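Student: I am new to this structure and would like to go through it slowly, one question at a time. Could we start once it is in front of us?

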Amino acid sequence: MGHDQRLYGCINMTDGKLSCDVVIIGAGPSGSMAAKTCAKHGLDTVLIEREKDFREGTKPVLLHRRIFDYIKIDDRFLDAKIRGIRIISPDRTEIEMHEPKNFELFFSLNRGRFNDELVKLAVSAGTQLMSGEEVVELIKEDGRVRGVKTKKDEIRSNLVIDARGIESKYRSFKEVDSCIEYLVEDVDLDREYIHYSIGDKFEFFYIVPKGDKFAITLFSSNPTEEQMNLFIKENLPEAEVIEKYSSQIPFGSNGTIKDGMMLVGDSAGCASPFSRFGVLCAIDSGILAGETIVEAYEENDFSSDLLSRYEKRWYKLHGARNDIEYDVRKFLEKNLSREDVNSLFHILKDEDGFFTDASFKKLVGSRRSKLRRTLFEKFKRYDCSIWDLFVR
Ligand SMILES: Cc1cc2nc3c(=O)[nH]c(=O)nc-3n(C[C@H](O)[C@H](O)[C@H](O)COP(=O)(O)OP(=O)(O)OC[C@H]3O[C@@H](n4cnc5c(N)ncnc54)[C@H](O)[C@@H]3O)c2cc1C
């Protein structure tokens, strides 16, 4: 778009400086899809990724079947096809919900290979990928981000997307869940199901099949290996631990635009506070940010006003619902005791996991009715079943 000299790929030399239309920092799901969207519409798009190769590693990622709206998944990447969920309360009351036979709900994939496929989509749309390069500083002029510095280069652009995930210094989210993940083998569980166990203090244990193994993830504000080891000892005593990781996932967005830079995915807290399925939210936010940038170039308008279209679209698509989820989750954590969670499960179990009128009547009519009434109001506003909470 009107540059002095094409240097290489999408990078141009303008007034003696390297430049392009849009720089995206981080080639995770959000950055890759933002890059694909911009490049597909003819923008000179540069995607900078610190890692050289994503394909290494054994970590799994669980994706809702909606992923097929974005990418064709090759069977080679599939570790498991999931048909249902089992949710288990602290007193081990179990609610099972599932799709009919042969209808998959989720897919468990190798995370590295999946991410690599997303990067390929961006590159085949025309993105210039700079892998093995780290952005060390942002170029700011008049209070706006105008480009980036890597260890080797300085690249200028009208618009920058921050897709650095949890590590971004610009990150903008309300809270973060820490997690510990173990890859285990010798576990005798149904491979067509995900198991969610809720602990005494609203800590969550997710068990996801991965090929002939399982990944167990413990999410809470302060997870410890002792909690994880105890859970395994009590529930899966035969499990053999092969690998351990620890990580974090943010939730509750605190805004998606800062100093004229657009934040996408985890750096903007785009994940769902309940399910924590961040990848689809990250993909959607990347696409919306990319589409807004395309409009900015079409209209030759890079003002905050134009960029705020991204914020509004994000809010409409996922943000509003994520905010309510955040509110419901905070309420539950603060007000529900172990006994409350158990009795909630007993009531829901009678209604096959759905918040029906009958389950609400029981809920409100039972002890601690003020709390139940508030819960009722919140869920009514949220308008969902336990299935929606975990499977949306
Ligand atoms: C243990 C765990 C399990 C999870 N499981 C699931 C799951 O099963 N399903 C699901 O949907 N979600 C899951 N999530 C959430 C999901 O991983 C994230 O929401 C998603 O990856 C966010 O994508 P992103 O593109 O915003 O960020 P990331 O995927 O974090 O990508 C950020 C990228 O930026 C790069 N980067 C960082 N700093 C720089 C820099 N300075 N210069 C250049 N590059 C940089 C990083 O190398 C990285 O590639 C899980 C999260 C955790 C922690």
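**Ser253 and its surroundings**

Tutor: In this predicted model, the side chain of Ser253 reaches the backbone oxygen of Ala268 at 2.8 Å. Let us begin from that residue.

Student: Which backbone nitrogen does the side chain of Ser253 reach at 3.3 Å?

Tutor: Ser253 lies in strand β20, and its neighbours, not counting residues up to four places away in sequence, are Ser172, Phe173, Lys174, Ala268 and Gly269. The backbone nitrogen that the side chain of Ser253 reaches at 3.3 Å belongs to Gly255.

Student: Does Ser253 count as buried or exposed?

Tutor: A residue counts as buried when its relative accessible area is under 20%. Ser253 has a relative accessibility of 17%, and therefore counts as buried.

Student: How much of the whole protein is made up of buried residues?

Tutor: The protein has 9 helices and 22 strands, and it exposes about 17400 Å², of which carbon and sulfur atoms supply 46%. Of the 392 residues in the protein, the share that is buried is 57%.

Student: Among contacts with a separation of 6 or more, what share comes from residues 24 or more positions apart?

Tutor: One pair that is far apart in sequence is Asp44 and Gln128, which are 84 residues apart along the chain while their C-alpha atoms are 7.9 Å apart in space. Taking the contacts in the protein with a separation of 6 or more, residues 24 or more positions apart account for 71%.

Student: Which side chain is joined to that of Asp44 by a polar contact of 3.4 Å?

Tutor: Asp44 lies in the loop between α1 and β5, and with a relative accessible area of 8% this residue is buried. The polar contact of 3.4 Å joins the side chain of Asp44 to that of Asn12.

**The ligand**

Student: How many residues surround the ligand?

Tutor: The closest residues to the ligand are Ser30, Glu49, Leu62, Arg111 and Asp266. By class, the shell has 13 nonpolar, 8 polar and 10 charged residues. Elements that each supply at least two residues of this shell include α1 (29-40), β5 (45-49) and α4 (278-298). The number of residues that surround the ligand is 31.

Student: Where does the ligand lie with respect to domain 1 and domain 2?

Tutor: Domain 1 is made of residues 5-55 + 112-173 + 252-325, and domain 2 of residues 84-107 + 175-250. Both domains give residues to the shell around the ligand, so the ligand lies between them.

Student: How much of the accessible area that the ligand has on its own does the protein cover?

Tutor: An oxygen atom of the ligand is 2.7 Å from an N or O atom in the side chain of Glu49, and a nitrogen atom of the ligand is 3.2 Å from a polar backbone atom of Arg50. An oxygen atom of the ligand is also 2.9 Å from a polar backbone atom of Val279. On its own the ligand has 1000 Å² of accessible area, and the part of this that the protein covers is 89%.

**Strands and loops**

Student: Which residue has a side chain joined to that of His195 by a polar contact of 3.2 Å?

Tutor: His195 has its place in strand β17 (residues 193-198) and counts as buried, because its relative accessibility is 6%. Leaving out residues up to four places away in sequence, His195 touches several residues, among them Ile88, Leu189, Phe205 and Tyr206. The polar contact of 3.2 Å joins the side chain of His195 to that of Arg86.

Student: What distance separates the C-alpha atoms of Ile85 and His98?

Tutor: Ile85 is found in strand β8, and at 0% relative accessibility this residue counts as buried. Ile85 and His98 are 13 residues apart along the chain, and their C-alpha atoms are separated by 6.2 Å.

Student: Does Asn300 count as buried or exposed?

Tutor: Asn300 has its place in the loop between α4 and α5 (304-335), and its phi is near 50°, a positive value in a residue other than glycine. A residue counts as exposed when its relative accessible area is over 50%. Because the relative accessibility of Asn300 is 60%, this residue counts as exposed.

Key:
Residues numbered from 1 in each chain as written. Predicted model: local features only at pLDDT ≥ 70, side-chain atom pairs only at ≥ 80, totals over all residues. Heavy atoms only, no water. Near = heavy atom within 4 Å. Polar contact = N/O pair within 3.5 Å; in protein donor to acceptor, adjacent residues only side chain to side chain. Areas by Shrake-Rupley, 256 points an atom, 1.4 Å probe, with all protein chains shown as cover. Helix = DSSP H or I, 4+ residues; strand = E, 2+ residues; numbered from the N terminus. Nonpolar A, V, L, I, M, F, W, Y, C, P; charged D, E, K, R; others polar. Domains from an automatic or database assignment. Buried < 20%, exposed > 50% of the residue type's maximum accessible area, 1.4 Å probe, protein only. Contact = heavy atoms within 4.5 Å.
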